[in-house]
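Got your viewer open? Load the model, find the selection box, and follow along stop by stop.

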Amino acid sequence: DLPTAVGGVITLLDDLTYKFLTDIDLTGDRLVLGSDTTITGTSSENASITSTGLGVGVALITSTRTNPIKFITFKDVDTALDFDGLGNTIALDWNGVNFLNVPNIGTIKDIGTFIFLNGAFLNSKGILFDGTISTIAFGGSLFVGDGAAGDLIKILSTCTVSTRFRTIYSSVVAFGATTGINVDASATIPDEAFILDTVTFSGGGTYLAGVNETSNKALFIK
């Protein structure tokens with residue numbers, strides 16, 4: 001059971017794990033997560049969250065705290081995420097998380113670390129990183145865009161990555177007007193801290209923008 005929505009907002013409690021056993025439609029409501037609130041599903045193949053009627057640009061999930069998420073799909077909304085750590089060293093460790101039919105995944109700003117493993121963007125794009133973040137890491141994941149203009153993954157010009165941005169053992173499928181990974185040339189990243197290791201690009205679109213293999217920021221392997 002979820003808490004009762006107030007003004008279209010379902011506020012999940014601190015220090016609790018909410019396990020979704022099937023596909024759930026919040027019918028226009030959205031989730032605000034508490035401190036150390038965990039969301040998990042049984043599997044990203046058979047547990048999902050959507051919200052039919054949620055407005056354009058309104059994030060399905062909002063948080064300012066540490067929130068582990070695993071084994072679930074967020075689907076069929078315009079915007080999925082709005083995470084702003086407000087300068088706190090929060091950690092977002094996500095495993096087996098999918099985004100399906102989400103044209104603007106959303107913004108992650110001013111946090112400690114973001115770790116995304118074994119997940120997928122499916123007909124989805126537009127995860128944006130802003131503010132100061134220590135580490136952004138993707139691993140073992142599939143990123144398939146929707147062909148519309150925009151970036152699958154973007155590091156904004158106002159983002160400072162203090163340690164590294166790393167993508168390993170992953171596949172990026174950018175076709176049509178979609179760009180794969182866009183690291184703005186004005187973003188602050190240490191030398192050799194834009195790391196791509198065993199990443200395949202396909203689809204015929206634009207694969208990299210902003211920073212490429214000629215930059216001192218880049219460390220590309222295989």
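Start by selecting Asp146 and Lys125 and showing their side chains: the two meet in a salt bridge, with 3.0 Å from N to O. The pair links distant parts of the chain, 21 residues apart: Asp146 sits in the loop between strand E14 (142-144) and strand E15 (150-173), and Lys125 in the loop between strand E12 (120-122) and strand E13 (127-139). A salt bridge here is a side-chain nitrogen of Lys or Arg within 4 Å of a carboxyl oxygen of Asp or Glu. By this rule the count comes to 1 salt bridge. In general, side chains of opposite charge can pair when their charged atoms come close.

Before you click on, a word about what is on your screen. This is a predicted model, where local features need pLDDT of at least 70 and side-chain atom pairs count only at pLDDT 80 or more, while totals for chains, interfaces and linings use all residues. Residues are numbered from 1 along each chain as its sequence is written, and side-chain values use heavy atoms, leaving out hydrogens and water.

Now turn on the surface and look at the pair again. Is Lys125 buried or exposed? Lys125 counts as buried because its relative accessibility is 7%, while Asp146, at 23%, counts as partly exposed. The cut-offs: buried means under 20% relative accessible area, exposed over 50%, and partly exposed in between, using a 1.4 Å probe and protein chains only.

Next, select Ala149, also in the loop between E14 and E15. Ala149 is exposed, with a relative accessible area of 61%. Leaving aside neighbours within four places in sequence, Ala149 is in contact with Lys125 and Ala177, so your salt-bridge lysine turns up again; contact means heavy atoms within 4.5 Å.

From Ala149, go to Thr179. They are 30 residues apart in sequence, but their C-alpha atoms are 7.5 Å apart in space. Thr179 is in strand E16 (residues 178-183) and is buried, with a relative accessible area of 11%. What does Thr179 touch, not counting residues up to four places away in sequence? Its partners are Gly150, Asp151, Leu152, Ala174, Thr206, Tyr207 and Ala209. For a longer trip, draw a distance line from Thr179 to Asp29: these two are 150 residues apart along the chain, and their C-alpha atoms are separated by 31 Å.

Want another lysine? Select Lys75, in strand E8 (residues 69-75). Lys75 is buried yet has no salt bridge; Asp23, the nearest side chain of opposite charge, is 4.4 Å away. For charges, Lys and Arg count as positive and Asp and Glu as negative, with His and the chain ends not counted. Setting aside neighbours within four places in sequence, Lys75 is in contact with Asp23, Ser48, Ile49, Thr50, Leu100 and Val102.

Time for some backbone. Most residues other than glycine have a negative phi. Thr27, though, has a positive phi of about 45° and is not a glycine. You'll find Thr27 in the loop between strand E3 (23-25) and strand E4 (30-32), and at 57% relative accessibility it counts as exposed. Lys222 also has a positive phi, near 50°. Look for Lys222 in the segment after strand E19 (218-221), where it is exposed with a relative accessible area of 83%.

Now jump to Asp1, in the segment before strand E1 (9-11). Asp1 is exposed, with a relative accessible area of 98%. Add Lys19 to the selection: Asp1 and Lys19 are 18 residues apart in sequence and 9.5 Å apart in space, C-alpha to C-alpha.

Last stop: zoom out and switch to cartoon. How many helices and strands does the chain have? There are 0 helices and 19 strands, where helices (H or I, at least four residues) and strands (E, at least two) are DSSP runs, numbered from the N terminus. The C-alpha atoms fill a box of roughly 55 × 35 × 30 Å, taken along the principal axes. Buried residues make up 48% of the 222 residues. Of the contacts with a separation of 6 or more, 58% are between residues 24 or more positions apart.
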